[in-house]
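Trainee: I should like to learn how to read a structure step by step. May we take one feature at a time?

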Amino acid sequence: MKALETPYEKVTAKNFPKGPDVLASGHRACQGCGEVLALRLLMKALGNDFVAVSATGCMEVCTAPFPQSAWRVPWIHVAFENAAAVASGVESALKVLRRKKRGPDRRIPVVAFAGDGGTADIGIQALSGALERGHEDFIYVCLDNEAYMNTGIQRSSETPFGANTTTSPAGTQSQGQNTWKKNMALIAAAHGVPYVATASPAYHLDLMNKIRRAAAISGPAYLHVYAPCPTGWRMKPELSVESAKLVVTTRIFPVYEVLDGKYILNRKVDAPTPIEDYLKIQGRFKHLKAEDLVYIKERVNEEYERIVKLAEAFPATA
Amino acid sequence: MAKLVGMEVSLAVAEAARLCDTDVVAAYPITPQTHIVEHLSELVANGKLDAEYIPVESEQSAMSSCIGASAAGARTFTATSSQGLALMNEMIFIAPVLRTPIVLAIANRALSAPINIWNDHSDIMTIRDSGWISLFAENGQEALDLTILSFKIGEDPQVSLPVTMNIDGFTLSHFIEPIDIPSLESVRSFLPPWKPLVKLDVSDPISIGLLGTPESYTEARKATDNVLVASKTAVDKAFKEFKERFGREYKSVETYRTEDAETLLLTMGSISETAMTAVDEMRDKGVKAGLVRIRLWRPFPAEDLKEILVKAKNVAVIDRHIMMGAPVGPVGAEVFSILYNANPRPKVKNFVLGLGGRDVTRDDFHLIVEKAKSAPAQDIERYELVGVWE
């Protein structure tokens, strides 16, 4: 598939979007929430000409307790596992109503926001279906805080190896989460969609330009966004952005794009920060032993190298 | 006299969705519903219906996409059966409260287990309390007409609720019947494009599906129930308007030879035609039997039904579903409740039959009428299975 990309203006420090936030202040997210920070930046980049669909989760609960709503764009929440399917319906409706001259005569992106559980676990079927069907103005954003935080820090398939959660507790017979994080970005890319990207709110311009690119491309786009959760990670709220930076500089979370099957590693990490720097600021990893760290380091480098090799083997021309 | 066309009932339902200028169809195949959506995808593929057909990966996504499409202002249709409806269940309970007037055709089929693809009403009974308007068709003409009426009723600004249009799987969905297909122009003038009161609109943003705390949840549920109960007026109005336009008359509760009847059979769906024939046979033998059939299952037409039933001595209520652990079936429970304070009050006996495609014959109705007449008072408080292997 060849992405049809319309020109778009890149966000820079100079032209950073001003004015009131499309996601209004006064929501009920926890102090230092990296997820709401990412959401706000993404919405700043998009402006107000889009329709938002939320899965059940932290962002839905903290932004929309009746009779209040923080959303200054049309917004719908239906259930937990189906944000991709609801967005598919909205996208199809806007398309047919435009064709029948009963709706706005322009492309309006429909953006689904879901957490890691709503994406990689309970929502993966609906997401796979939506990506495979090729909805033109469909963007799916996974805000990944690496566990079911809204229900009280239960493990998901996105919880990193070794993390202590309420359903992967560290104990005498367990080091905590005993599986490796599911690679949702590569799973999305395997659908052959025109655009997939990973991003971290610590690199805010990169994050914002990725959703602008997603909106400029015709066809389904998938963004996997790292979303620090001080509450669930047992981390000081002021370290949210720091952790979002360290996750990239340690190679744990490579920041890259897959455009028409070509890989672009946005931030090559030749001299990685020690992984311990990332792990030690989070209480969820404090029980880890030396042998756990050996395994984590080995696997992190293996996963990072996979992306490096993909970028070398399938380089983007532009 | 209109020209009648021989057509499979499933196809007639799809043709009705075409006549209604449906905007979005999101559907997943399941027997015995599949012919409806197959035909719709064919109509879209050949440019006979200008719609977006979303071939979703499950019924859960079908209903989710329908809610999204309807919330965005599109006229939306889907169809399912049995396990498919069960998989939709979570979203089924959300659609009415979000006030999305989706039309869902259900080719009624038994729920697993054991897995069974044939007809009964166990699927629709799982969503009995969800807030959808539910209509039952008895034959092909009704299936087509009620599909058109479902959009008309659901989209009424006083209603704005989703509607299920029920046809018995196989015994109705797969039959070829003579059907009067109204002209495109007549349907389009009866049902102009839907104008939602609110929708997902970038020029006037609203939020749909907010969190209901203990301070607002009860009011949201009650508001939906109020609208559903009040929708009976819109149903009657739409039936009246339909008769004026197309000449065919529908009522929430239909009757057949009920005047002076001592024993009334009460049915829903396509077995009613068999019951009618049985009533004729009984009348020929001097048995004062009549037939009452519920067309509007939700909102339950309590007043209309009560008025008819209190005139009889015996009422034999037919259920096509076992309400596990309960003394009676779902239709039986409603009838007992509306008649409890009636004076005079007929004797009510509840029968369950025709489960999982088990044949329902005229003889069954003869037997039921005899049993209803002779049932001793102590026997009436529990349903009785008819046609079961001993």
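**A helix and its surroundings**

Mentor: Let us begin with the buried residues of helix H1 of chain A, which are A:Gly34, A:Glu35, A:Val36, A:Leu37, A:Ala38, A:Leu39, A:Arg40, A:Leu41, A:Leu42, A:Met43, A:Ala45 and A:Leu46. Please keep in mind that this is a predicted model.

Trainee: Why is H1(A) described as largely enclosed by the rest of the structure?

Mentor: A residue counts as buried if 20 or more other C-beta atoms lie within 10 Å of its own. Twelve of the 13 residues of H1(A) are buried, and therefore the helix is largely enclosed.

Trainee: What covers the buried residues of H1(A)?

Mentor: The cover includes helices H2 (58-63), H7 (204-216) and H9 (240-249) of chain A, together with strands S4, S5 and S10 (221-226) of that chain.

Trainee: How does one check the length of H1(A) against what its 13 residues should span?

Mentor: One allows 1.5 Å a residue, and the expected span is 1.5 Å times one less than the number of residues. For H1 (residues 34-46) of chain A this gives 18 Å, and the end C-alpha atoms are 18 Å apart, so the two agree. Just after H1(A) comes A:Gly47, with a positive phi near 80 degrees.

Trainee: What does that check give for helix H6 of chain B?

Mentor: H6(B) covers residues 140-155, and its 16 residues should span 22 Å; its end C-alpha atoms lie 23 Å apart, which agrees. H6(B) is also mostly covered, as 15 of its 16 residues are buried.

Trainee: Let us turn to sheets. In what order do the nine strands of the open sheet lie?

Mentor: One reads a sheet by going from strand to neighbouring strand. Here the order is S12(A)-S11(A)-S8(A)-S10(A)-S5(A)-S4(A)-S2(A)-S3(A)-S9(B), with mixed pairing. At the edges are S12 (262-265) of chain A and S9 (207-208) of chain B, each of which pairs on one side only.

Trainee: How many bridges join S4(A) to S5(A)?

Mentor: Six bridges join S4 (residues 110-115) to S5 (residues 138-144), both of chain A, and the two strands run parallel. Within this pair, A:Val110 stands opposite A:Phe138 of S5(A).

Trainee: Which residue of S9(B) is the bridge partner of A:Ile76?

Mentor: The partner is B:Ile208. The strands concerned, S3(A) and S9(B), pair in the parallel sense over two bridges.

Trainee: How many residues of each chain are in contact with the other?

Mentor: There are 40 residues of chain A in contact with 40 residues of chain B. On the side of chain A, strands S2 (51-54) and S3 (75-77) and helices H3 (83-99) and H5 (124-133) each supply at least two residues. H3(A) gives the largest share, 13 residues. By class, that side has 24 nonpolar, nine polar and seven charged residues.

Trainee: How compact is chain B for its length?

Mentor: One compares the radius of gyration with a rule for globules. Chain B contains twelve helices and 16 strands. Its radius of gyration is 21 Å, close to the 21 Å that the globule rule gives for 390 residues, so chain B is as compact as a globular protein of that length. Its C-alpha atoms fill a box of roughly 65 × 55 × 45 Å along the principal axes, and 54% of its residues count as buried.

Trainee: What confidence scores accompany the model?

Mentor: The model scores ipTM 0.97 and pTM 0.98. For chain B, the mean pLDDT is 97, and 99% of the residues reach 70 or more.

Definitions and conventions
Residues are numbered from 1 along each chain as its sequence is written. Chains are lettered from A and ligands numbered from 1 in the order in which they are written. This is a predicted model: local features need pLDDT of at least 70, side-chain atom pairs count only at pLDDT 80 or more; totals for chains, interfaces and linings use all residues. Two strands pair if DSSP finds at least two bridges between them. Helices (H or I, at least four residues) and strands (E, at least two) are DSSP runs, numbered from the N terminus. Two residues are in contact if their C-beta atoms, placed from the backbone, lie within 7 Å. The radius of gyration is taken over C-alpha atoms; the globule rule is 2.2 Å times the number of residues to the power 0.38. Ala, Val, Leu, Ile, Met, Phe, Trp, Tyr, Cys and Pro count as nonpolar, Asp, Glu, Lys and Arg as charged, and the others, Gly among them, as polar. pLDDT is the predictor's confidence in each residue, from 0 to 100.
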